[in-house]
Amino acid sequence: MAQEAQGQVRLAVFDYDGTIMDGQSGQLFAVYLLRHGLISTRTALRLGWWGARYKIHLPYRQDEARELIFRDIGRLDHDHVMRIMGDFYAEVLEPRTRADAVREVAACREMGLTCVLVSATFFEMARVAAQNLGIERVAATRMELDEQGHFTGAVAGEVVAGEGKVRAVTALANEAFGEGAWTIERAYGDHFTDESLLELAAEPVAVDPGTTLARIARRRGWKIASWS
């Protein structure tokens with residue numbers, strides 16, 4: 001359990017998919033790209049098979065779905081992809097953003113907490129969301145760029161999921177504030193894979209949790225919130 005210490009930077013860490021936003025941004029982005037002719041039907045079918053394996057807990061590789069999407073849009077330069085993501089956020093993600101999440105971010109900032117968005121989704125997409133939410137820092141999955149500014153289709157580093165969220169937030173905070181100079185005051189997540197992140201916080205909050213996380217939260221005495 002993180003302990004508050006005088007002079008430390010206090011963080012509020014928010015998961016994105018299923019917590020701040022109702023839905024899975026990667027899946028929604030794939031549908032959006034297909035609708036606009038930016039990925040092939042073959043890629044969409046392969047993404048559907050990946051999603052089915054994920055849902056029913058068959059073996060799958062975290063990098064695969066991200067590689068499929070960015071191989072198709074790798075022909076576009078970074079600025080073009082950012083424009084697409086901005087349009088996607090405005091059309092699809094912003095309407096799905098939970099009003100209670102917006103209020104919670106504002107409340108955390110009023111308390112003097114530094115807000116961090118952590119997500120398995122693409123860094124560029126998470127950055128757009130963070131800017132619109134007033135969240136200062138972002139830890140999310142980065143995709144590799146070549147020297148010409150085009151995405152190669154490879155994940156740079158690791159997918160920021162599960163224990164990877166802890167590693168990503170720790171690396172970000174250590175670089176920004178220094179080792180031992182920060183603490184996680186609050187953390188918010190919806191999925192059982194967020195347990196390792198939530199347990200680092202002084203105040204962990206399970207937001208509209210799935211069955212497994214709800215059971216964990218009740219057993220450990222964590223707050224359970226319902227956001228709309």
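1. Start with Cys108, which is buried in this predicted model: its relative accessible area is 0%. Cys115 is buried too, and its relative accessible area is also 0%.

2. You might wonder why Cys108 and Cys115 don't form a bond. The sulfur of Cys108 has its closest cysteine sulfur in Cys115, 5.1 Å off, and that's too far for a bond. Look from the other end and Cys115 tells a matching story: the closest cysteine sulfur is the one in Cys108, at 5.1 Å. A disulfide needs the two sulfur atoms within 2.5 Å, so don't go hunting for one here: searching the whole structure turns up zero disulfides.

3. Now for the sheet. Seven strands make up an open sheet, and reading across it you get β4-β3-β2-β1-β5-β6-β7, with mixed pairing. Which strands stand at the edges? They're β4 (151–156) and β7 (223–225), and each has a single partner strand, so one side of each has no neighbour in the sheet. Going from one strand to the next, the twist averages 30°.

4. Zoom in on the β4 edge. Strands in a sheet are joined by backbone hydrogen bonds, in either a parallel or an antiparallel way. Here β4 pairs with β3 (residues 137–145) in the antiparallel sense, over three bridges. To find a bridge yourself, pick Met143 and look for Val155 in β4, its bridge partner.

5. Finally, a helix to spot: α6 (residues 123–133) lies across β2 (114–122), β3 and β4. Relative to β2, helix α6 runs at about 145°.

Methods:
Residues are numbered from 1 along each chain as its sequence is written. This is a predicted model: local features need pLDDT of at least 70, side-chain atom pairs count only at pLDDT 80 or more; totals for chains, interfaces and linings use all residues. Side-chain values use heavy atoms; hydrogens and water are left out. Buried means under 20% relative accessible area, exposed over 50%, partly exposed in between (1.4 Å probe, protein chains only). Two strands pair if DSSP finds at least two bridges between them. Helices (H or I, at least four residues) and strands (E, at least two) are DSSP runs, numbered from the N terminus. Axes are lines fitted to C-alpha atoms, for helices over the stretch in contact, and angles run from 0 to 180 degrees between N-to-C directions. Contact means heavy atoms within 4.5 Å.
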